[in-house]
Amino acid sequence: MPEAAQVRPSPEGVPGAVTDPRAVRGENVTFPGAGDTGVNGYLATPATSAEGASRPAIVVIHEAGGLGEHIRDVTNRFANLGYTALGVDLYTREGGPPPMNDPGAVMERIFSIPDERAVGDLEGAAALVLGREDASGRLGCIGFCMGGRYTLLFACTSERLDAAVDCWGGFIDKATLEERSTPERPTPPLELVDQNPSPELGERLRERASNSPIGRSGREIKVDVYEGAGHAFFADYRPSYRPAPAAKLWAEIVPFFARHLGSPR
């Protein structure tokens, strides 16, 4: 059974801030993922909605630090807009995130998660939100850092997504620092579109996506590089946070999802 979770106000001034936590209902949930193994998640929905109303959904994939307070807050921000939003814990089987003060341990953890398992867990997340009685049938996905990579991978291998936003997902062109592929990461997501990342890699992504069947069909594809913003510029709890680019990103994300998922209100 879902377990009610406390919804806290967003940090002051962040893009899309939830200022009234009573507007959002939060729950800790577990759902079947790859191999029917239970995967943890955080589900956020608007606290009130019109009778019989249906809502599009957004899956939120965490950064290397896991499904922590920042990602839960981002999930709340989408619920505050009117979406059903689900933050997925891809570290469930590991019992939580790696020690973030140990870069080697972080990379080892990230590289050890099999792509097939991660996609299976995301398919389970999609099944959960699309199976709700209030689901409109439209689904988006957004991910940050390692979650950006999995967003791109999910978008390239699943039929469920109607819109996807990859925020600086690294290692989309190779499996590890030295290897193009590994048993856990057999195919770089960049090849499926047919420094973390660098602008040059973003341009390669734009070119491949535009020339893919999806791009040729006329569907919207956009790759942006924000001036003065490095990796993790949206993570408001880290020194890398940049308020102006973060606000610009949010101002792009919100109408993008509205165009492709439909109005959440």
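In this tour, a residue is called buried if its relative accessible area is under 20%, exposed if over 50%, and partly exposed in between, using a 1.4 Å probe and protein chains only. The structure is a predicted model, in which local features need pLDDT of at least 70, side-chain atom pairs count only at pLDDT 80 or more, and totals for chains, interfaces and linings use all residues. Residues are numbered from 1 along each chain as its sequence is written, and side-chain values use heavy atoms, with hydrogens and water left out.

**Stop 1: the sheet**

Begin with the strands. Helices (H or I, at least four residues) and strands (E, at least two) are DSSP runs, numbered from the N terminus, and two strands pair if DSSP finds at least two bridges between them. Display the open sheet, in which 7 strands follow the order E1-E2-E3-E5-E4-E6-E7 with mixed pairing. Select E1 (3-5) and E7 (163-167): these strands stand at the edges with a single partner strand each, so one side of each has no neighbour in the sheet. From one strand to the next, the twist averages 25 degrees. Angles here run from 0 to 180 degrees between N-to-C directions, and axes are lines fitted to C-alpha atoms, for helices over the stretch in contact.

Next, add E2 (residues 24-32), which runs antiparallel to E1 and is joined to E1 by 3 bridges. Which residue in E2 is the bridge partner of Ala4? Select Glu27 to see that partner.

**Stop 2: two helices on the sheet**

Contact means heavy atoms within 4.5 Å. Select helix H1 (residues 69-81), which packs on the sheet and touches E1, E2, E3 (38-46), E4 (55-61), E5 (84-88) and E6 (135-144). The direction of H1 makes about 40 degrees with that of E3. Then select helix H8 (residues 243-261), which also packs on the sheet. H8 touches E4, E6 and E7, and its direction makes about 160 degrees with that of E7.

**Stop 3: the loop between E1 and E2**

Select Thr19, which lies in this loop. Is Thr19 buried or exposed? With a relative accessible area of 68%, Thr19 is exposed. Its C-alpha atom is separated by 5.2 Å from that of Pro9, and the two residues are 10 residues apart along the chain.

**Stop 4: salt bridges**

A salt bridge is a side-chain nitrogen of Lys or Arg within 4 Å of a carboxyl oxygen of Asp or Glu. The structure holds 12 salt bridges. One of them joins the side chains of Arg8 and Glu69 (3.2 Å, N to O). This pair links distant parts of the chain, 61 residues apart: Arg8 in the loop between E1 and E2, and Glu69 in helix H1. Arg8 is partly exposed at 42% relative accessibility, whereas Glu69 is exposed at 51%.

Move to Asp134 and Arg55, whose closest N and O atoms are 2.6 Å apart. Asp134 lies in the loop between helix H3 (115-130) and E6, and Arg55 in E4, so this salt bridge ties together parts 79 residues apart in sequence. Both Asp134 and Arg55 are buried.

Now select Arg93 and Asp121, a salt bridge with its closest N and O atoms 2.7 Å apart. Arg93 is partly exposed, with a relative accessible area of 30%, while Asp121 is buried, at 1%. Finally, add Arg132: salt bridges that share partners join Arg55, Arg132 and Asp134 into one network.

**Stop 5: cysteines**

A disulfide is a pair of cysteine sulfur atoms within 2.5 Å. How many disulfides does a search of the whole structure find? The search finds 0. Select Cys141, which is buried with a relative accessible area of 0%, and then Cys145, which counts as buried at 13% relative accessibility.
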